[in-house]
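Please open the model in a viewer with side chains displayed. The tour below proceeds by selection, from charged pairs to the nonpolar interior.

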Amino acid sequence: MQVCESYGYAMKVYAQKIVVFDREAYKKKDPVLTIRESDIESWSWKKTLAGTYTGGEYTYTDPITEEEIKATVRTATRILKHSGKADNLADAERKIQAAVDSANHGHTTISMTITGNATLVATPVSYTHLRAHETRRHL
């Protein structure tokens with residue numbers, strides 16, 4: 001898990017398999033469904049700049065020359081600073097980019113209630129497995 005986080009990958013369990021994927025590449029995929037305003041019953045959203053970054057610096061010591069090296073991605077006002085081990089400059093740049101992306105992930109959120117849509121259902125649901133306090137509306 002730590003290796004995934006260091007390089008900007010995410011991990012999930014799907015169909016009884018562990019799946020590792022590039023979260024930023026996944027975000028760039030085409031949508032599978034467009035939600036129209038008429039589909040939305042209610043919604044709210046939240047955005048915060050607290051804890052977000054516009055760039056980053058990663059400082060490491062070159063394992064061969066023992067020289068301190070600084071890798072920088074996107075210079076701006078809110079810089080995330082990390083230090084640690086890296087094999088080379090490209091490795092350090094990947095690590096700091098992943099750290100910036102991870103820090104910024106989830107700082108804009110939207111929550112909505114939409115009209116039911118069968119294309120969004122991942123697996124079939126059996127009504128026989130409803131708990132006592134649930135009704136079909138909970139599906």
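Select E57 and K70 in this predicted model: their side chains form a salt bridge, with N and O 3.7 Å apart. The pair joins distant parts of the chain, since E57 lies in strand β4 and K70 in strand β5, 13 residues apart. E57 counts as buried because its relative accessibility is 18%, under the 20% limit. K70, at 49%, counts as partly exposed.

Keep E57 selected and add K81. A salt bridge also links these two side chains, at 4.0 Å from N to O. K81 belongs to strand β6 (residues 79–83) and stands 24 residues from E57 in β4. With a relative accessible area of 59%, K81 is exposed.

Next, move to helix α3 and select D91 and R94, which form a salt bridge with their closest N and O atoms 3.7 Å apart. The two residues are 3 apart in α3, which means a separation of about one helical turn. D91 is buried, at 3% relative accessible area, whereas R94 is partly exposed, at 46%. Returning to the earlier selection, E57, K70 and K81 are joined into one network by salt bridges that share partners. The structure holds 4 salt bridges in total.

Now select Y58, Y60, I69, A71, V73, L80, A86, A92, I96, A99 and V100, the 11 residues of the largest nonpolar core. Elements giving two or more residues to this core are β4 (55–61), β5 (68–73) and α3 (89–104); α3 supplies the largest share, 4 residues.

Finally, centre on A86. Beyond its neighbours within four places in sequence, A86 is in contact with Y58, Y60, P63, D91, A92 and K95.

Note on methods:
Residues numbered from 1 in each chain as written. Predicted model: local features only at pLDDT ≥ 70, side-chain atom pairs only at ≥ 80, totals over all residues. Heavy atoms only, no water. Core = buried A, V, L, I, M, F, W, Y, C linked by side-chain atoms within 4.5 Å. Buried < 20%, exposed > 50% of the residue type's maximum accessible area, 1.4 Å probe, protein only. Contact = heavy atoms within 4.5 Å.
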